[in-house]
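Okay, thanks for making time, everyone. Let me put the thing up on the screen, and then I'll walk you through a few spots in it.

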Amino acid sequence: MDKVRSEIPCEDCTLQVMSICYRERHQPDKISEVYEAAVKVDPSNEELLTHLFMSYVRLGDYKKQQQTALALYKLKPKNPYYFWAVMSIVMQAIHVDEKLAKGVTLPLAERMVLKLIKEGKMEAEQEVQLYLMILELQGKSEEMLNVLSGPLASHLSSVSQHKAALLLKLERFSEAANAYKELISENVDNWTYYQDYLLAALKCQKPEECLNFFNKIITTSEKKFRGPYLAKFELLKLTQNDDVIENITEPIDLMYQYFSQFGEKICVVGDLRLYLHLLTSTGKQQLIQKIEEDVGVKSEGFPTTVQQMQKHIHLEQLRRICGFHCPPYVDINKQKQLVERLCKLYKKGNELCPIQDRLPTDFCPADSYILLATHLLHELWYNTNDAVYLYRAMELLECGLLSSPANFYIKILLVRIYLEAGLIGAADHVFTLLDVKHIQLDSLGYLHAPLLAPLGHLSLASITLDHTTKFFIANYKDSADHLTFAYKYGSFVKIQEFVELKERLENSFHFVMTTVDKMLLELSWCNSSTSLISTLDNMDIQLTEDSVRLNSLRDNRDLEVVPGWEPLTENGEDSRMQEETRICMLRLLAVRDLILKILAACVASDSSSLLIRFSNELKQLNNEQIPSILQKFELEGKKIKSCKMLVPMDAVERLSEAYYSEQLKTIARLAESLAQSRYPDLECIQMLQTSPCLQTIDIPEKRIPVSFKHFLLRASTCSESLAIISAICILCATQLQPKTSQKKNKKKCNKQITSLPLNDNDHNWKEVAILLEERIQNLDSVLSEFEKYQLHTGLNNDEDVCATIIKYGQDSLGQSCRSLKSRAQITLKLLSNLKS
């Protein structure tokens, strides 16, 4: 490639081939260099200049984009080239200081567009939209309104919506209300119009006028529309602290009317949930009673039609949201009875819509019964610690999957239940059925990938983490392609969206966490000091700067994908605990990154100062920040176990295991000791002897249903801790040897040895190796014993579904044991170097 480049090729086919090569090698800057050289040879070649512009788009170099686009326009005065330059200026404004953007950059872009407007050269809708974007970024709403009222509006679609939104923004409430009235008349079911109408109308009208408008829409519409009904709820919500609205129906009756009109629609529960807080506890009970009468299914009866069944499902979901599936309304016995009732309803419901009458991609309408039952069973598991409820939930969901193989809600809950039981292999099998691809690897990857290694499936974890990181790396190239197409076809309003998506993926927390986990996993498989040093060199770990920018990381998890109808909270707390779990994720990433840096610091020239720094940071996290974070997840003395399936607990459980097993404390103490002495000091040796992270826990009780999660988390922590601690010892011992294969560092190494103080109480590496070997043999012995474990589910073993659960579960446990034992043997081999 370098030889071809030196000849400065200008032929399109040669340049295209070189561009493809550089793209695949993730070297977009080289593409720009190639085309820059070609343009110098042939500056009047339009095609070369176009390719040069697109190469700058890939790099995000907006200044050079602007210069190249203007050169193109000067060569060939075409509108697209001119607006490429304008858009490049806009992108510069977005990425600079706001004062500079509004004072210099955006006015320049505005003047450039005004020049073409005066010359009458505006041709396309996207060009006018770009002009509106420039005005909006400057906060010039009046000017935007003038554009929408002038001749340029003929190029635009959806002018009325833009006008209404601007009138509302300009606080011209009366005009805005009238504008939204007209929009609602044209599109009766557009919910956004109703919301904006109410924001404007309540500033200049009485609530009664809004109510009359909604009632008129309901009475004059030939079809049933949800919009005006929901608008009444919104009106009540916005005026709940004001005077009573005349002639308005009570909230209970409004909600009952809404359910009677739309009760069979799947959206009805989500709609009503938004406004249930308007009711008191008594009001909620009254609403449920009225809906029960409307549905017409008795306490021991069953729906007779699909429509009645859908209404009944929505009734049960509302019951759960109102808290009637939970204490104090029901006790454990009543929850068990409710589970059995829901199972019977599911069986009867399946008869109403058998699988042969549905397409393979159709969901069975009765599936929601078992989703509700699964939430109850998980709650029973939480309250009783009896794992039979977990296996009962598995049985229900596996049966549901046979009837509705396309129902991803069932698959997601099944993954969560298998993980709760510690059966990561079974969870992975179900996760593959979801066929997660592309951006879903980021938004849904949290469902199982973070727990693959912590639950013992190390090889599978390595493959999955590698696959995920490759997606993020490929995204850089793919997102650049999206941007070039947006410029090519003049979709200027989409360019900012594509840039934001690119940045969102580049700064994804899941990407960084996956990368760190993958690197630590690779290091834990090294069986010699040579392979350790070689692997660390290839990783290029940055020690002198904060390699992980925690504040800029984006949490891209899609938590709403897990179905749930958790009871409403009085203070409006997030039932999915997104912010709390995000903080856990950040702390977990911080400690994992510090462990990685400690390993890399062992072979650095200034290892002592680096080890002191990183060990202090790790101790500070372990002693001050992590305990306060974990307290939020410790309810009623039960540690780190969520009663809600909606809460993603992977980071919480991993952070909890690292903290309570004293893994972080032990690694920090070892690093501190080795920074100050040639060998671990006596206190450090004693910590290694007693640290829980180097010891396994008892094998779960046999012949009863149990969850293996806690046992496997500790076994995996023990395996990983032994590998990491052994690696730290080997690296430090190797670096302190007078003879080294790295001749150029010989003087540095000898100098470092003489500068380290010798301690009369030093313990030799052989003693450390013997201690660690003993711990590895203990782990191997426990895992060998656990391999013989026979899984008990408490279910009817004659059932095919039960046999499937046992098969996947037993295979999962066996694979976890084999993987952890394999790593233990590799660590044992690594330690043999320490004894010699």
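So, to start: what span should the 16 residues of helix α21 have at 1.5 Å a residue, and how far apart are its end C-alpha atoms? Before I answer, keep in mind that this is a predicted model. The expected span for α21, residues 388-403, is 22 Å. In the model, the C-alpha atoms at its two ends sit 23 Å apart, so the two figures agree.

Staying with α21 for a moment, this helix is mostly covered, with 12 of its 16 residues buried. Among the buried ones you'll find Tyr-389, Leu-390 and Tyr-391, and further along Leu-396, Leu-397 and Leu-401. Glu-395 and Glu-398 are on the buried list too.

Now step back to the loop between α20 and α21. Asn-385 sits there, and its phi is positive, about 60°, even though the residue is not a glycine. Its relative accessibility is 53%, and the cut-off for exposed is over 50%, so Asn-385 counts as exposed.

There's another one like that, if you scroll along to the loop between α23 and α24, where His-438 lies. His-438 isn't a glycine either, and its phi is positive at about 50°. With 58% relative accessibility, His-438 also counts as exposed.

While we're on backbone geometry, have a look at Pro-327 and Pro-328. The peptide bond joining them is cis, with omega at about 5°. Pro-328 belongs to the loop between α18 and α19.

And α18 brings me to His-314, which is part of that helix, residues 306-321. Is His-314 buried or exposed? Its relative accessible area is 5%, so it's buried. What does its side chain have for polar company? One polar atom of the His-314 side chain has the backbone oxygen of Gly-263 at 2.6 Å. The backbone oxygen of Gln-310 is 3.0 Å from a polar atom of that side chain as well. If you leave out residues up to four places away in sequence, His-314 touches Phe-259, Gly-263, Glu-264, Lys-265, Ile-266, Val-268 and Val-269.

The next buried side chain is a charged one. Arg-58 is in helix α4, residues 46-59, and it has a relative accessible area of 11%, so we call it buried. Which side chain does the Arg-58 side chain make a polar contact with? That would be Asp-481, at 2.8 Å. Beyond its neighbours within four places in sequence, Arg-58 is in contact with residues including Arg-23, Pro-28 and Ile-31, and also Tyr-476, Lys-477 and Ala-480.

Last stop, a helix pair. Two packed helices are described by the angle between their axes and the distance between those axes. For α11, residues 173-186, and α12, residues 191-204, the axes come within 8 Å and cross at roughly 145°. The crossing of α11 and α12 is left-handed. On the α11 side, the contact includes Phe-173, Ala-177, Tyr-180 and Ile-184, and on the α12 side it includes Tyr-193, Tyr-194, Tyr-197 and Cys-204. How do the residues of that contact divide up? You get 12 nonpolar, one polar and three charged.

That's my tour, so shout if you'd like any of these spots back on the screen.

Methods:
Residues numbered from 1 in each chain as written. Predicted model: local features only at pLDDT ≥ 70, side-chain atom pairs only at ≥ 80, totals over all residues. Heavy atoms only, no water. Helix = DSSP H or I, 4+ residues; strand = E, 2+ residues; numbered from the N terminus. Buried < 20%, exposed > 50% of the residue type's maximum accessible area, 1.4 Å probe, protein only. Contact = heavy atoms within 4.5 Å. Polar contact = N/O pair within 3.5 Å; in protein donor to acceptor, adjacent residues only side chain to side chain. Expected span 1.5 Å × (residues − 1). Axes fitted to C-alpha atoms, helices over the stretch in contact; angles between N-to-C directions. Left-handed = near helix turned anticlockwise from the far one by under 90°. Nonpolar A, V, L, I, M, F, W, Y, C, P; charged D, E, K, R; others polar.
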